[in-house]
Amino acid sequence: MPPRSPLTGRVVIITGGSSGLGRCTAALFARAGWSVGLIARGAAGLAAAAEDVRAAGARAAVAVADVTDSAALAAAAAAIEQALGPIAVWINAAGNGVYGRFTEVPEDEFRQVTEVTYLGTVNGARVALALMRPRNRGTIVNVCSGVVFHGLPLMTSYSGAKAAVRAFGQALRIELAFERSAVRVSTVFPPAVNTPFFNHAISHMGWPARPVPPVYQPDVVARGIYMAASTGRPEMTISGTVACFALLSRIAPVWTGAVIRRLGVDGHLVRDAAADHGASPTVFAPSEAASPVHGAFGRRARRWSTQMGLRRLYGRLAGPGS
Ligand SMILES: NC(=O)c1ccc[n+]([C@@H]2O[C@H](COP(=O)([O-])OP(=O)(O)OC[C@H]3O[C@@H](n4cnc5c(N)ncnc54)[C@H](OP(=O)(O)O)[C@@H]3O)[C@@H](O)[C@H]2O)c1
């Protein structure tokens, strides 16, 4: 349970709030006293996530929209503000993936990953800024990925899109500083997370995709997203493993590449004909049923991040806003 922060009672909008990380983050904000607006394409998933929020005693509003459609996203945000009031935080969590060798991934799939994962974030930021800049307050959190520190094989579209999300955040942050805006842009780099992401992805490898260990439970990452929203920290890794990965890829890029190569193709796939991981790709259309918070890889997933624990401790010692 997060502390009831001074931001309690405010409004957050979460794109991709109907499943996995977005749904988990929605429930966390609700438990901290926030009103939560949820945006995604699938009505059933949105209804289930809104139920989580209400069960935590908070107000919820949902709006169906595709993040690749700027106008639909703006209309969704307007409807949510109408229901809940002005937003303080906008979280861009919508994303998707396609697994396969670059030369074997059809162009339309590559483009769709880029449009949802990168341009969906850009569209979200555009809509959020239209609301936040005139008020000169608010925080945008972009859910990025550890892949920005070194792209992963079989995930060329996703790696490129997330690298673009990071650079976009860096550039936008400085533009806002030029105009002395108080609006903040925070980019978070989660590790591999046990969500339905891998079932929702398309795999061209003959086997379903899986997260590369170490895998964390979404609850850990949701706490990191909450911390980024509360502090407005410009960039934040959410686990020691990603922090080390970032450092190693900087000081020893060749060695880092060699380690990733050693993982081989199998490091990204579930090679088990008996395992039913319920793959149901949602890259081009949402699932008709609601999606859970957790995926099929919870057996060894970590419930705790030392780095997050240390950050919280430091925050308590240093006082609010640190
Ligand atoms: N799982 C991981 O290991 C991991 C690691 C690092 C970062 N991330 C990032 O975390 C974010 C959340 O992913 P997740 O793991 O929670 O996956 P997930 O369970 O598949 O959730 C993806 C969410 O995005 C929404 N979405 C997909 N396409 C959309 C579109 N065109 N328009 C609007 N919403 C769309 C989905 O809802 P609908 O299908 O109903 O639209 C769903 O709510 C993504 O940005 C992902 O890249 C995940």
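This short presentation describes the fold of one protein chain, beginning with its sheet and ending with some details of its backbone.

Good morning, colleagues. Please keep in mind throughout that the structure before you is a predicted model.

I begin with the sheet. Seven strands form an open sheet, and their order across it is β3-β2-β1-β4-β6-β7-β11, with parallel pairing. At the edges stand β3, residues 60-64, and β11, residues 235-237; each has a single partner strand, so one side of each is left without a neighbour in the sheet. On average, and ignoring direction, neighbouring strands of this sheet are turned by 20° against each other. As general background, the strands of a sheet pair through backbone hydrogen bonds, in either a parallel or an antiparallel sense.

Let us now look at individual pairs, starting with β4. This strand covers residues 87-92, and it is mostly covered, with five of its six residues buried. On one side, β4 pairs with β1, residues 11-15, in the parallel sense over five bridges. Within that pair, Val11 stands opposite Ile87 of β4. The pairing of β4 with β6 is also in the parallel sense, over four bridges. Here Trp90 has Ile140 in β6 as its bridge partner.

Towards the β11 edge, strand β7, residues 184-189, pairs with β11 in the parallel sense over three bridges. If you wish to locate this pair on the screen, find Val188, whose bridge partner in β11 is Met236.

I turn next to the helices that lie on the sheet. Helix α2, residues 43-55, lies across β2 and β3, and it runs at about 170° to β3. Helix α7, residues 218-231, lies across β4, β6, β7 and β11, running at about 150° to β6.

Which helices does α1 pack against, and at what angles? Helix α1, residues 20-31, packs with α2 at an angle of about 20°, their axes being 8 Å apart. This angle makes α1 roughly parallel to α2, since angles under 35 degrees are counted in that way. The crossing of α1 past α2 is right-handed. On the α1 side, Arg23, Ala26, Ala27 and Ala30 take part, and they meet Ala49, Asp52 and Val53 in α2. By character, the residues of this contact divide into five nonpolar, no polar and two charged.

With α7, helix α1 packs at an angle of about 60°, and the axes are 9 Å apart. That angle makes α1 oblique to α7. Here too the crossing is right-handed. The α1 residues in this contact are Gly20, Leu21, Cys24, Thr25, Leu28 and Phe29; they meet Pro218, Asp219, Val221, Ala222, Arg223, Ile225 and Tyr226 in α7. This contact divides into nine nonpolar, two polar and two charged residues.

After α1, the chain enters the loop that leads to β2, and Ala32 lies in that loop. Is Ala32 buried or exposed? Ala32 has 22 C-beta neighbours inside 10 Å and therefore counts as buried, the threshold being 20 or more. Ala32 and Ala229 are 197 residues apart along the chain, and their C-alpha atoms are separated by 12 Å.

Helix α9, residues 253-263, presents another picture: the helix is hardly covered, and the count of buried residues among its 11 residues is zero. Just after α9, Gly264 takes a positive phi of about 65°.

That brings me to the backbone details. In general, most residues other than glycine have a negative phi, and most peptide bonds are trans. Where are the exceptions that I would like to show you? Asn136, which is not a glycine, has a positive phi near 55°. Asn136 is found in the loop between α4 and β6, and it counts as exposed because it has 11 C-beta neighbours inside 10 Å. Arg180 likewise has a positive phi, near 55°. Its place is in the loop between α5 and β7, and Arg180 is exposed, with 7 other C-beta atoms within 10 Å.

Finally, a cis peptide bond joins Pro213 and Pro214, with omega about 0°. Pro214 lies in the loop between β9 and β10.

To close, I return to the central element, the open sheet of seven strands with parallel pairing, with α2 lying across β2 and β3 and α7 lying across β4, β6, β7 and β11. Thank you for your attention.

Definitions and conventions. Residues are numbered from 1 along each chain as its sequence is written. This is a predicted model: local features need pLDDT of at least 70, side-chain atom pairs count only at pLDDT 80 or more; totals for chains, interfaces and linings use all residues. Two strands pair if DSSP finds at least two bridges between them. Helices (H or I, at least four residues) and strands (E, at least two) are DSSP runs, numbered from the N terminus. Axes are lines fitted to C-alpha atoms, for helices over the stretch in contact, and angles run from 0 to 180 degrees between N-to-C directions. Two residues are in contact if their C-beta atoms, placed from the backbone, lie within 7 Å. Angles under 35 degrees count as roughly parallel, over 145 as roughly antiparallel, 65 to 115 as roughly perpendicular and the rest as oblique. A crossing is left-handed if the near helix is turned anticlockwise from the far one by less than a right angle, and right-handed if clockwise. Ala, Val, Leu, Ile, Met, Phe, Trp, Tyr, Cys and Pro count as nonpolar, Asp, Glu, Lys and Arg as charged, and the others, Gly among them, as polar. A residue is buried if 20 or more other C-beta atoms lie within 10 Å of its own, exposed if 12 or fewer, and partly exposed in between; C-beta atoms are placed from the backbone.
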